[in-house]
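Okay, thanks for coming, everyone. Let me put the model up on the screen, and then I'll walk you through it.

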Amino acid sequence: MSEPERDFTLLDDGRPVAVSAGVREDGVRLSPRAVEALGWRLEPEGLCREGLCVPLPAGASRAAPDGISLDHLAALLDRPLALELQERAAYLGASAADRAGALASLEAPDFALPDLHGRLHSLSAQRGKKVLLVAYASW
Amino acid sequence: MAIAVALDRSAEDARPWIEAAKPTHPSLIDVEHRVADLYNMVNVPTAVWIDEEGRIVRPNDVAFGTDTFRHITGIEAARHLGLLRAWVRGEAPVMGAREVRQLQAMPSPEDQQARAEFGLGRWLAERGRAAAAERHFVRAGELAPHDFTIRRGTMPIRGIDPMGPGFRAMLQEWVGAGKAYYRPLPD
């Protein structure tokens, strides 16, 4: 059997991942393979990654082999989901709890962004120096 | 070391400012608002101090480099610059961890939902899906009305002048409701 076409774009915290997904009126259904493309596995115990599992609600685990709804996955991971069914695209953002936890640790979140010449610079490359991080905009 | 991050639609929007300033420090372009998401920034200019060990020692604060807009903002550049100089020279003690945490604004689930809507809208706009993008930008603004990196920052993408009547109406409504457009840290 050939693999179904990967014609749905999931923006996983900004990173575009092409997956095959069943789009219905009531939402989006992800195949186990699509779940794996996001770094998770559907196991009898629930949604797992690196030995840790988020348990599925009672009764749902039997349905695991044939996939999971995107709404359900976002809710289990406590992550915001923005959906555009017509364009077959969705954005799975970062949870407020994750962001707040990282900020409260006081460890400055690392990032790497391009300059005007497309060269990437990371915050962590400045370790050992005091850093003034300033966000501004032309608007 | 300063790291400047432009929360702009494109490198081209930021280019004239960077070329005029000729910075010797990294001057980066953040079209996806990655830094705004990671640091829960909701307006510009926003500054964060990070020490040699990579720890946040002063959370998000309003920091103007000059007094160009002081007549509008009421915020003196000297306030932040003076504190910054003292920190860099080691002349003043930095905030303790407890104080930093007390002054940090944490994102709510609605704020993160707004950022997801923004991220999807931006991606759609990049692909020429303007009508679909607009729905998500509007939704993002409704979810996080205090987030001007979204409400004003999306204006150039949507063909709205970010200095024009659309912005002035938004600002008037916000300030008229007794809310602050800039929220500096307390002295």
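**Where the two chains meet**

So, on this one, 69 residues of chain B are in contact with 45 residues of chain A, where contact means C-beta atoms, placed from the backbone, within 7 Å. Before I go on: it's a predicted model, so local features need pLDDT of at least 70 and side-chain atom pairs count only at pLDDT 80 or more, while totals for chains, interfaces and linings use all residues. Residues are numbered from 1 along each chain as its sequence is written, and chains are lettered from A and ligands numbered from 1 in the order in which they are written.

Which element gives the most to the side of chain B that touches chain A? That's helix H6, residues 109-126, with eleven residues. Helices here are DSSP runs of H or I, at least four residues, and strands are runs of E, at least two, numbered from the N terminus. By class, that side of chain B has 42 nonpolar, eleven polar and 16 charged residues. Nonpolar is Ala, Val, Leu, Ile, Met, Phe, Trp, Tyr, Cys and Pro; charged is Asp, Glu, Lys and Arg; the others, Gly among them, are polar.

There's strand pairing across the chains too. Strand S13 of chain A, residues 131-136, runs parallel to strand S1 of chain B, residues 2-6, over five bridges; two strands pair if DSSP finds at least two bridges between them. In S1(B), the bridge partner of A:Leu132 is B:Ala2.

Now chain B by itself. You've got nine helices and four strands, and from the N terminus they go β-α-β-α-β-β-α-α-α-α-α-α-α. The radius of gyration of chain B, taken over C-alpha atoms, is 17 Å, which agrees with the value near 16 Å for a compact globule of 187 residues; that rule is 2.2 Å times the number of residues to the power 0.38. Buried residues make up 38% of chain B. Buried means 20 or more other C-beta atoms within 10 Å of the residue's own, exposed means 12 or fewer, partly exposed is in between, and the C-beta atoms are placed from the backbone.

One residue to click on is B:Glu134, in helix H7, residues 130-143, of chain B. B:Glu134 counts as partly exposed because it has 17 C-beta neighbours inside 10 Å. Its C-alpha is 7.2 Å from that of B:Arg158, 24 residues apart along the chain.

Last stop, chain A: three strands make an open antiparallel sheet, in the order S5-S6-S7. The edges are S5 (41-43) and S7 (52-54), each pairing on one side only.

Terms used: Contact = placed C-beta atoms within 7 Å.
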